[in-house]
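Here is a protein chain to explore together. Take a look, and then we will go through it with a few questions and answers.

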Amino acid sequence: MPLSLLATLCVLTTQAPGALLTPRDSAFHALNRLAYGARPGEADSVAQFGVMKWIERQLDADHVSDSHLAEREREFKILDYDRGDLATRYRDAQRERQRMQREAAASGDSTRMRGARPMREFRELGGELQQLALVRAAVSERQLREVMVDFWTNHFNVFDGKGADRFLLPSYIEETIRPRALGRFEDLLIATAQSPAMLFYLDNAKSVAPGSVPPFPLAAMRRGGQGVGQMPTGINENYARELLELHTLGVDGGYTQQDIIAVARIFTGWSIEQPARGAGFVFRDWAHDRETKQVFGLTFHNDGKDEGIRLLKFLANEHATMHHVSAKLCARFVADAPPDGCVDAAVAAWQRTRGDMRAVLRAIFTSPDFWSAQAVRSKVKTPLEFVVSAVRAAGVEPDDTPRLAQLVGRLGQPLYQQAAPTGYGETEAHWVNSGALLARMNAAMMLAKECSSIPTIADHSQLVDLIDAKLLGATMSAHTRSVILDQLSDINDPEQARVMAVGLALGGPDFQKQ
């Protein structure tokens, strides 16, 4: 039977979970939601340790040893460079490319640019940053932290393909997102607002009060600012709009166009240092709108950078923000249509703790909605979740080449490559179609060749039983089992049968669900 037909049949026959969860079922569910799936034997060990105890351990990630990941991280040279290093290298690469373009234009020989290296290093470093995310997700013992890093990276999306963000994104991930993934929302919101990567991506770096004049010559600014942008000319509303619509209040947050303009005026002057000076955050007082602003019942006088900090703290603890972000968290961890009870519990925890994400997540994980029969195996994995969970289940140790990151990209979710500020979708509707399912089946067959968690067994029925127990947590439907056994009926080579069975199981419906 063609793989395309297998993939379609599998998804159409997914069955609903049973009403009662055993300790092992509960462990498997927790590993599917708080982690990137279970490794061989992990559901049993978590059940024995205690599921709620394991959840508390994940919430207290700083006290979880992660020595293997620390060893793997040393393989990635991207972590050896700080933002200043990358800014200098990017500036030099741009200058070299421009020189080569001028020479090619002068000589009329367009072939001179073929194989040119100036920007190739940044493409390679971008691929390395993507693969680093895959390795961390696959091998880290601090699984919930890695899931939350992905959540916040998507919530506060920055597009790696936009100009200077090619060198600003690594520090955004390492210095802005990762240290605050399980901290207070207010702190993370302020950090993203001050991040050079966000300031460049949403154009706030060039937002200045109308009529502002820098206290130094324009030519000098252009020379020092290579790679960051041209001389700003007025207010830019992009960051203000996305701050309200996506990062905090939500599209139904009750703000107006006049509110967006007032917020944009508050953030005038929030900019980026010249690459030669490290390309860090800088507040340019000369560019700030000194007039009085009124928004959300607050009045902002000429208070410089502190105006923006005050507004961010206000937005971080507004009820609309709590509800908007809590609903996104419940959609990530519970169901595509987040249950009201789960959202209410998360909002209440937010109010009690002023946005302590550990408390908010704890409220979600102890909510009856999280453990309901309707929630178990109800969500379809994103391409990232699918690839990482397959790697973990199959016992594959990811290498430092970009191949797995490229696989995630081919499945439709190239990391850090979403140009729209909305980030990637979380729900089934974004990821399920016949072409995507066939691509997942092909990816599963490829990963099955590297599987180390399933031994070669001559008896096909025993082989499928073992795959069900080890890879699927005993959730394989009768239909999937029948399809796999039917495909194995004409295969006499045990190794070929093992690879085929593992691939069909990983690409089938039961593994696509979490």
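Q: How far does helix α8 reach from its first C-alpha to its last?
A: In this predicted model, helix α8 covers residues 143-155, which makes 13 residues. At 1.5 Å a residue, a span of 18 Å is expected. The helix comes close to that, reaching 18 Å.

Q: Is α8 mostly covered or mostly exposed, and how many of its residues are buried?
A: A residue counts as buried when its relative accessible area is under 20%. In α8, that holds for 13 of 13 residues. The helix is mostly covered, and the number buried is 13.

Q: Which residue has a side chain joined to that of E146 by a polar contact?
A: E146 sits in helix α8 and is buried, with a relative accessible area of 6%. Leaving out residues up to four places away in sequence, it touches several others, among them Y36, L69 and R136. The polar contact is 2.8 Å long, and the partner is R178.

Q: Which helix gives the most residues to the largest nonpolar core?
A: This core has 146 residues, and M148, W152 and L329 are among those touching the most other members. Beyond its neighbours within four places in sequence, L329 is in contact with residues including M148, F151 and I364. The top contributor, with 10 residues, is helix α7.

Q: Where does this core lie with respect to domain 1 and domain 2?
A: The domain assignment gives domain 1 as 2-59 + 337-371 and domain 2 as 383-512. Their C-alpha centres are 20 Å apart. Both domains give residues to the core, so its place is between them.

Methods. Residues numbered from 1 in each chain as written. Predicted model: local features only at pLDDT ≥ 70, side-chain atom pairs only at ≥ 80, totals over all residues. Heavy atoms only, no water. Core = buried A, V, L, I, M, F, W, Y, C linked by side-chain atoms within 4.5 Å. Buried < 20%, exposed > 50% of the residue type's maximum accessible area, 1.4 Å probe, protein only. Helix = DSSP H or I, 4+ residues; strand = E, 2+ residues; numbered from the N terminus. Domains from an automatic or database assignment. Contact = heavy atoms within 4.5 Å. Expected span 1.5 Å × (residues − 1). Polar contact = N/O pair within 3.5 Å; in protein donor to acceptor, adjacent residues only side chain to side chain.
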